[in-house]
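Here's a walk through one protein chain, written for someone who wants the cut-offs along with the geometry. Take a look at the model first.

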Amino acid sequence: MGIKVGMVGVGAFAQSFIPLFTAHPLVDQITLCDLDAEKLRENAAKHQINDTSPSLDHLISTDVDAVAVITQNWLHAPQAVQALRAGKHVYSAVPTGVTQDEITELVKTVEETGQIYMIGETSYYYPGVVYCRKQHEQGAFGDIVYSEGEYYHDWDHGLYDVMKWRGGDRWMEFAGSPPMYYPTHTTSQIISITGAHMTHVSCQGFVDHHKDGIYKPGVNLWNNTFSNESALFKMSDGSSCRINEFRRIGHPGTVRMAMFGTEGSFEHNSAGAIWVNKQADQSLRLDDQLACRERPAISGTSSEEAMDKVTASDGTHLSVAAVHDTSRLPKEFIGLPNGHAGSHQFLVDDFVRACHNNLLPPNNVWMAARYAIPGIIAHDSACQGGVLLEIPDYGDPPGKGR
Ligand SMILES: NC(=O)c1ccc[n+]([C@@H]2O[C@H](COP(=O)([O-])OP(=O)(O)OC[C@H]3O[C@@H](n4cnc5c(N)ncnc54)[C@H](O)[C@@H]3O)[C@@H](O)[C@H]2O)c1
């Protein structure tokens, strides 16, 4: 028997996930839920789903097993706690939460209830991250010395519209949140490769002067004046890590990382990605391996093997890279939408399998806390001119000591 999933928030981002949860063979029933009755009606018709619920408060009184929270970015942690306390498993869009207290409460709630929680962190499945995780497992980096995570998204690239539909009349209050309060796309890349976490931080902020006034004192709820923040972290494995969260930047936009070890290094910038070691003639260009495109699906083979057997194809996986193991995905996902560098289908599959088989998902609550809290403390540091601050840690998942 499959699970019953309630999807809370049927806005823009949920459009990518409703078809995937619906198609997953271990999901028996989908309920759509939104406070906006008109949006709910439209989505029920569009996705041909009969079961609807007018609010999270109502949804958790029904018999759904799991709730996917895809609501505005400042609402997640309290909503996740509410659903977990009602006995539901929770999938949450990023970020985990926006205060240390609410993330503490989230971790405590998972520990007390034993319910499954997974953060929907797209970067975890980015091709460069998948590649580096494998290199790290095989020891190719040696000891990690230094790493970088970058999320560049300028306001001119659609962000005004996004914040207007999320915040409505009050959008200016939410728009200027500290960039480091949305750090999971960057931190998760480094943490999920090495398993090390941030222990200390010193951060600097760029005071914004743009005429839109988003970061003017007194305009946003956090009284934040920084549109760009750069943090240097000390990591638990002895390495250091620099994270850039930029929202005002002359750049086309990116989510990417680089990592340097005593034996080998991965570099990625706008010109492409490369693996290098001490031998100048052994560098390996990775652009082709990491590029997302349509790839033929052949049951029981890895995607790299599948690429060589195009004629034997029994369908097409959309927007995946050669480093993605599409053979583990349900065949029902073939031809369905994917997004954010091939991540959407893996996210849904990891969560549904975790709920159905009572497994710890990769991006569990302990990881979700490690992705988010360093950014919250980094912003505190930036507000104090870069003073070095310690980062609280809630430990490894039970039974997973390192
Ligand atoms: N790469 C990524 O991981 C990525 C990319 C895009 C968006 N996101 C995340 O997805 C989330 C959603 O973004 P969006 O643009 O779709 O937002 P949106 O405003 O379009 O949709 C959010 C919806 O949630 C509903 N909602 C809020 N509280 C509710 C409640 N208590 N009960 C029922 N419905 C409720 C709202 O009515 C709204 O329709 C954000 O948190 C964002 O951070 C992540």
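What follows covers confidence, sheets, a helix pair and a few buried spots.

## Ground rules and confidence

This is a predicted model, so local features need pLDDT of at least 70 and side-chain atom pairs count only at pLDDT 80 or more, while totals for chains, interfaces and linings use all residues. Residues are numbered from 1 along each chain as its sequence is written, and side-chain values use heavy atoms, with hydrogens and water left out.

The chain averages a pLDDT (the predictor's confidence in each residue, from 0 to 100) of 95, and 96% of the residues score at least 70. Element names come from DSSP runs: helices are H or I with at least four residues, strands are E with at least two, and both are numbered from the N terminus. Strand E9 (residues 226-235) has the highest mean pLDDT among the elements, at 99, and helix H11 (residues 303-307) the lowest, at 50.

The weak patch is residues 306-312, where pLDDT stays under 50. The model still has ten contacts (heavy atoms within 4.5 Å) for that stretch beyond four places in sequence. Where pLDDT is low, the predicted coordinates shouldn't be read in detail.

## Strands and their partners

Six strands form an open sheet in the order E3-E2-E1-E4-E5-E6, with parallel pairing; two strands pair if DSSP finds at least two bridges between them. At the edges sit strand E3 (52-53) and strand E6 (117-119), each pairing on one side only. Strand E5 (residues 89-92) runs parallel to E6 and is joined to it by three bridges, with Ser-92 opposite Ile-119 in E6.

Elsewhere, strand E10 (residues 240-246) has partners of both kinds. Seven bridges link it in parallel to strand E7 (residues 144-152), and Tyr-151 has Glu-245 in E10 as its bridge partner. With E9, the pairing is antiparallel over seven bridges, and Phe-233 faces Cys-241 in E10. The hairpin of E9 and E10 has four residues between the strands, and Gly-238 there takes a positive phi near 90°. Six of the seven residues of E10 are buried (under 20% relative accessible area with a 1.4 Å probe, protein chains only; exposed is over 50%, partly exposed in between), which leaves the strand mostly covered.

## Helix H5 against H13

Helix H5 (residues 100-113) and helix H13 (residues 365-383) have axes that come within 10 Å and cross at roughly 170°. Axes here are lines fitted to C-alpha atoms over the stretch in contact, and angles run from 0 to 180 degrees between N-to-C directions. That makes the two helices roughly antiparallel, a label for angles over 145 degrees.

On the H5 side the contact includes Ile-103, Leu-106 and Val-110, and on the H13 side Trp-366, Ile-373 and Ile-377 are among the residues met. By class, the contact has eleven nonpolar, one polar and one charged residues. Nonpolar means Ala, Val, Leu, Ile, Met, Phe, Trp, Tyr, Cys and Pro; charged means Asp, Glu, Lys and Arg; the others, Gly among them, are polar.

## Buried spots

Ala-80 sits in helix H4 (residues 76-85) and is buried, at 1% relative accessible area. Beyond four places in sequence, Ala-80 touches Val-90, Leu-106 and Tyr-117. Its C-alpha is 7.3 Å from that of Leu-106, 26 residues away in sequence.

Helix H9 (residues 184-194) is mostly covered, with eleven of its eleven residues buried. Gly-195 follows H9 with a positive phi, near 80°.

Notes: Parallel < 35°, antiparallel > 145°, perpendicular 65-115°, else oblique.
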